[in-house]
Amino acid sequence: MHLTREEEEMLAGEQGHATQKAMQILVALGRIYDAEKLVRVSSVQVSGVSYKNLGDAGLEFLSELASDGKARVKTTLNPAGMNLTDWESQGIASRFAEKQLKVIDAYEKLGVEISCTCTPYLAGNEPGFGEHIAWGESSAVAYANSVIGARTNREGGPSALAASLTGRTPLYGLHIRGNRIPTVAVNVEAHLRLPEDFAAMGYFVGKAVKDGIPYFRGVGLATLEDLKTLSAALASSGGVAMFHIEGLTPESGLGARSLEALTFTEKELAETGSILNDEGTPDFVSVGCPHCSLTELATLAKLLSGRQAKREFWICCSREVKRQADEAGYSRQIEESGAKFALDTCMVVAPVEELGFKVVATNSAKACHYLRNAGLKVRFMPLEQCVEEATRSA
Amino acid sequence: MKLKGRAIFEGKAEGKALVSSSPLSFYGGVNPDTGEVMERGSELLGQSVKGRVLVFPYGKGSTVGSYVLYRLAKNGAAPCAIVNTKCETIVAVGAIIAEIPCVDKVDVGKIRSDARVRIDGATVEF
């Protein structure tokens with residue numbers, strides 16, 4: 001692999017220990033995936049923030065890097081395992097909170113913005129079409145490649161951080177135009193009315209195409225919320241890092257060749273919905289996986305107006321979108337109902353299973369997938385029904 | 001026998017081989033404090049990777065697995081070297097941050113468990 005003189009210096013340790021480690025990671029990945037060279041990136045999103053996933057090992061590594069490493073490009077952060085300023089009200093144990101705050105300290109020292117959201121594209125990290133970026137967080141990766149047209153592989157925590165500390169990533173995979181063409185078509189015959197229908201479709205298709213690039217036909221229009229939840233579902237049941245929607249996403253023109261096709265009808269839509277539903281009455285309701293947009297908060301404010309939450313109800317969003325909702329008056333309406341904003345975190349990365357909940361109602365197919373892995377039961381339902389479930393008398 | 005592979009993290013090491021014919025998951029699959037393999041269904045279940053030349057086709061599972069290799073090294077419970085058929089991101093990143101000599105593009109089927117193996121850069125000798 002070709003390295004510039006500056007990159008050689010980084011690799012030799014002339015720019016410090018953390019930069020050297022980062023460069024070793026990038027060079028090894030470049031060799032494994034046959035990259036010709038490194039390419040400069042304009043934006044990084046780092047995953048691996050919740051202490052629940054990092055453990056002491058991750059914390060030690062981050063602290064080691066923070067001794068002399070610094071972000072060289074705009075770098076934002078995935079959700080943490082708790083609300084960073086009000087974790088007590090979430091019922092988080094102090095031992096967990098202490099470790100989580102140490103993780104955040106290390107990232108802060110590294111010059112990473114403590115944005116703690118899985119929707120950086122709604123919170124000020126907004127790359128443009130064709131830009132090379134290095135993002136972790138699988139749902140944001142699928143969104144950035146597909147909806148924005150920026151270029152990123154599915155990075156893990158350390159490889160995204162390595163890109164931040166050097167400002168570079170190896171040139172392979174989805175950074176190359178020829179690797180962004182669709183591999184399988186999906187003929188959509190089901191009528192997709194709600195974002196949750198897009199989520200169910202994503203869950204079905206992700207499982208079928210694994211790490212392929214699906215090309216959806218027959219979708220028509222889609223909202224930001226539809227595309228956000230579709231991205232998350234495709235990347236959780238499968239390893240999808242990019243998709244195209246005919247006539248809608250910016251690179252769908254790449255997909256004219258004849259492709260093997262799947263069909264998604266009303267039958268698959270209904271079946272996927274029932275696959276995502278376990279037995280049991282929810283004792284915990286959570287929306288905002290991926291983190292809520294301002295539009296979703298407006299809807300929630302309207303739905304919750306004049307009602308009271310009768311069970312634990314988390315509304316997960318970034319501090320930036322919450323700030324916008326404060327200005328618009330939505331936050332007050334939501335909080336008056338007794339629903340809780342879960343800022344900086346979400347039901348997937350917080351230690352929900354340790355909080356004593358058993359059955360979770362959510363409008364996210366991705367959350368269903370991961371909460372099940374953590375041993376919880378799940379009920380998948382539209383946003384409006386989640387509000388019903390949260391406010392229903394026992 | 002002497003096999004020439006590709007060095008993912010260069011170094012020298014010597015130890016007894018511990019061979020898995022199926023892919024390994026480190027996150028949830030290996031105890032980061034002791035090095036004991038805990039993954040249900042793994043042919044190495046109950047054995048320790050500590051001090052061994054760990055031989056397997058490739059890594060699988062969560063990318064957090066890289067941090068498990070780092071933790072193993074900090075706890076003195078890491079393998080002394082890793083040999084893969086095709087190294088992927090989880091193991092490559094883990095080997096680099098934990099500074100464990102790692103070689104891939106080697107036919108791992110040729111190496112028997114408990115054989116004495118020497119690693120030097122891209123060379124695997126046993």
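Which helix supplies the largest share of the lining of the largest cavity? The largest share, 3 residues, comes from α8(A), where helices (H or I, at least four residues) and strands (E, at least two) are DSSP runs numbered from the N terminus. This is a predicted model, in which local features need pLDDT of at least 70 and side-chain atom pairs count only at pLDDT 80 or more, while totals for chains, interfaces and linings use all residues. Residues are numbered from 1 along each chain as its sequence is written, chains are lettered from A and ligands numbered from 1 in the order in which they are written, and side-chain values use heavy atoms, with hydrogens and water left out.

Rolling a probe the size of a water molecule over the atoms shows where empty space is left. On a 1 Å grid over the protein atoms alone, a cavity is a set of points where a 1.4 Å probe fits but cannot get out, whereas a pocket is an open set with protein on both sides within 12 Å along at least five of seven lines, and lining residues have an atom within 4 Å of a point. Grid points are joined across faces, edges and corners, and a volume is the space filled by probe spheres set on the points.

A search of the whole structure finds 3 cavities of 30 Å³ or more, and the largest of them has a volume of about 80 Å³. Its lining includes A:Pro195, A:Glu225, A:Cys289 and A:Pro290, and the elements that give two or more residues to this lining are α7 (195-209) and α8 (224-237) of chain A. By class, the lining has 3 nonpolar, 4 polar and 4 charged residues, where Ala, Val, Leu, Ile, Met, Phe, Trp, Tyr, Cys and Pro count as nonpolar, Asp, Glu, Lys and Arg as charged, and the others, Gly among them, as polar.

Two of the lining residues just named, A:Cys289 and A:Pro290, are joined by a cis peptide bond with an omega of about -5°, and A:Pro290 is placed in the loop between β10 (284-287) and α10 (294-304) of chain A. Elsewhere in chain A, A:Asp34 has a positive phi of about 55° although it is not a glycine, and this residue lies in the loop between α2 and β1 (38-40). Most residues other than glycine have a negative phi, and most peptide bonds are trans.

We now turn to the two chains together. In chain A, 21 residues are in contact (heavy atoms within 4.5 Å) with 21 residues of chain B. The side chains of A:Lys21 and B:Glu99 meet in a salt bridge at 2.9 Å, N to O, a term for a side-chain nitrogen of Lys or Arg within 4 Å of a carboxyl oxygen of Asp or Glu. On the side of chain A that touches chain B, the elements giving two or more residues are α2 (17-32), α3 and α6 (157-166), with the largest share, 10 residues, coming from α3(A).

The helix α3(A) also appears at the second largest pocket, which has a volume of about 310 Å³ and takes the largest share of its lining, 7 residues, from α3(A). Of the 18 residues that line this pocket, the closest to its centre are A:Leu54, A:Gly55, B:Tyr27, B:Pro32 and B:Val68.
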